[in-house]
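Visitor: I am new to this structure and would be grateful for a close look at a single part of it. Could the guide please take the strands and explain how they are placed, paired and covered?

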Amino acid sequence: GRLWCTNGTEPVFSWDGTSTQTIVGAPLGKHIGAFRNRVWLGNIPGQLTRVRGSGENDGTDWNLFVPGKSTTAVSVDLSGTNDGRVVTCLMGEYQNAFYMGRGDDLYNLSGYDRRDFTLRKVSDEVGCIEPKSVQEKNNSLRWLSKRGVEKMTGPAIERVSDPIRPTIDEIIQASGNTFAKTFTSQSDFTGGSAKLSPSGPNSAISATISPGNLVPSSYTVLDDSASDFAS
């Protein structure tokens with residue numbers, strides 16, 4: 001009975017047709033979906049390969065408990081390691097499973113609650129690059145991957161966009177590729193460019209003025225002679 005919204009920047013919120021509610025505690029995922037009476041979020045800062053599910057029948061419950069109950073919130077890691085390949089698509093439910101895609105691979109989640117949720121890799125060659133392209137038609141799921149428009153019927157995946165390949169290739173090239181790295185410490189920030197410095201003529205960016213953030217640097221110089229101005 002509510003519409004659930006996210007954009008990866010502002011807090012997640014819901015709308016019941018009359019008023020909105022900010023969902024305190026929900027991760028700032030860029031992608032959102034629904035499966036088994038839970039709200040699901042993906043492409044979460046600091047948890048790029050992880051998909052999070054709310055409590056059952058409660059989109060406001062995001063507290064993870066280990067061990068938890070069958071109805072409590074869920075956390076699923078697609079790759080088992082933060083490999084930089086970001087979750088790009090929460091594709092929705094198809095044939096009794098919830099499909100999720102990254103740039104180069106595809107997964108589905110089946111089961112009914114925390115006791116039997118099972119993650120399976122569907123393809124290590126075909127991924128999803130545009131979540132809004134996902135549509136079900138005539139009992140087949142269709143979406144855009146790096147190789148074109150895909151059509152899944154049952155377990156089989158085939159590319160169906162070859163007749164319009166030049167047009168589709170332009171769309172794919174415009175979408176670009178996504179790869180991310182998470183910085184978690186001050187040493188991560190200062191380990192980049194050798195020109196990072198809080199002050200001086202070569203210090204465009206500083207990682208130490210505000211630890212944990214990259215901020216513009218500044219310096220002061222006094223021009224008090226003709227040669228200073230001429231240089």
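Guide: A residue is called buried when its relative accessible area is under 20%, exposed when over 50%, and partly exposed in between, with a 1.4 Å probe and protein chains only. Phe13 therefore counts as partly exposed, at 33% relative accessibility. Phe13 is found in strand S2, which covers residues 13-15; strands (E, at least two residues) are DSSP runs, numbered from the N terminus.

The model is predicted: local features need pLDDT of at least 70, side-chain atom pairs count only at pLDDT 80 or more, and totals for chains, interfaces and linings use all residues. Residues are numbered from 1 along each chain as its sequence is written, and side-chain values use heavy atoms, with hydrogens and water left out.

The centre of this account is strand S5, made of residues 38-42, where five of five residues are buried. In a regular strand, side chains alternate between the two faces of the sheet. In S5 both faces are covered: Arg38, Trp40 and Gly42 are buried on one side, and Val39 and Leu41 are buried on the other.

Strand S5 has partners, where two strands pair if DSSP finds at least two bridges between them. On one hand, strand S4 (residues 31-35) is joined to S5 by five bridges, and the two run antiparallel. Within this pairing, Leu41 of S5 is the bridge partner of Ile32. Two residues lie between the strands in the hairpin of S4 and S5, and Arg36 there takes a positive phi near 50°. On the other hand, S5 is paired with strand S6 (residues 50-53) over two bridges, again in the antiparallel sense. Leu41 takes part here as well, with Arg52 of S6 as its bridge partner.

These pairings belong to an open sheet of four strands, arranged S4-S5-S6-S7 with antiparallel pairing. Strand S7 (74-77) and S4 stand at the edges with a single partner strand each, so one side of each has no neighbour in the sheet. On average, neighbouring strands of this sheet are turned by 25° against each other, direction ignored; such angles are taken between N-to-C directions of lines fitted to C-alpha atoms and run from 0 to 180 degrees.

Another open sheet of four strands follows the order S8-S9-S10-S11, and its pairing is antiparallel. Its edges are S8 and S11; each has a single partner strand, so one side of each is left without a neighbour in the sheet. Here too the average turn between neighbouring strands is 25°, direction ignored. Inside this sheet, strand S9 (residues 97-102) and strand S10 (residues 106-110) run antiparallel and are joined by four bridges. Phe98 stands opposite Leu109, which lies in S10.

A covalent link also involves this sheet. A disulfide, meaning a pair of cysteine sulfur atoms within 2.5 Å, joins Cys89 to Cys128, with an S to S distance of 2.2 Å. Cys89 lies in strand S8 (residues 87-94), while Cys128 is in the loop between strand S11 (118-123) and strand S12 (130-137), so the link ties together parts that are 39 residues apart in sequence. The count of disulfides comes to one. The link of Cys89 and Cys128 is left-handed, with -80° about the S-S bond. Both Cys89 and Cys128 are buried. Cys5, by contrast, is in no disulfide; its nearest cysteine sulfur belongs to Cys89 and is 19 Å away.

Strand S12 contains Glu136. At 45% relative accessibility, Glu136 is counted as partly exposed. Between Glu136 and Met91 there are 9.9 Å in space, C-alpha to C-alpha, although the two are 45 residues apart in sequence.

Further along the chain, strand S13 (residues 140-145) pairs with strand S14 (residues 148-153) over five bridges in the antiparallel sense. Ser145 has Gly148 of S14 as its bridge partner, and a hairpin of two residues joins S13 to S14. Strand S14 pairs in turn with strand S15 (residues 156-159), over four bridges and in the antiparallel sense. Glu150 stands opposite Arg159 of S15. S14 and S15 form a hairpin with two residues between them, and Gly154 in the turn has a positive phi of about 65°.
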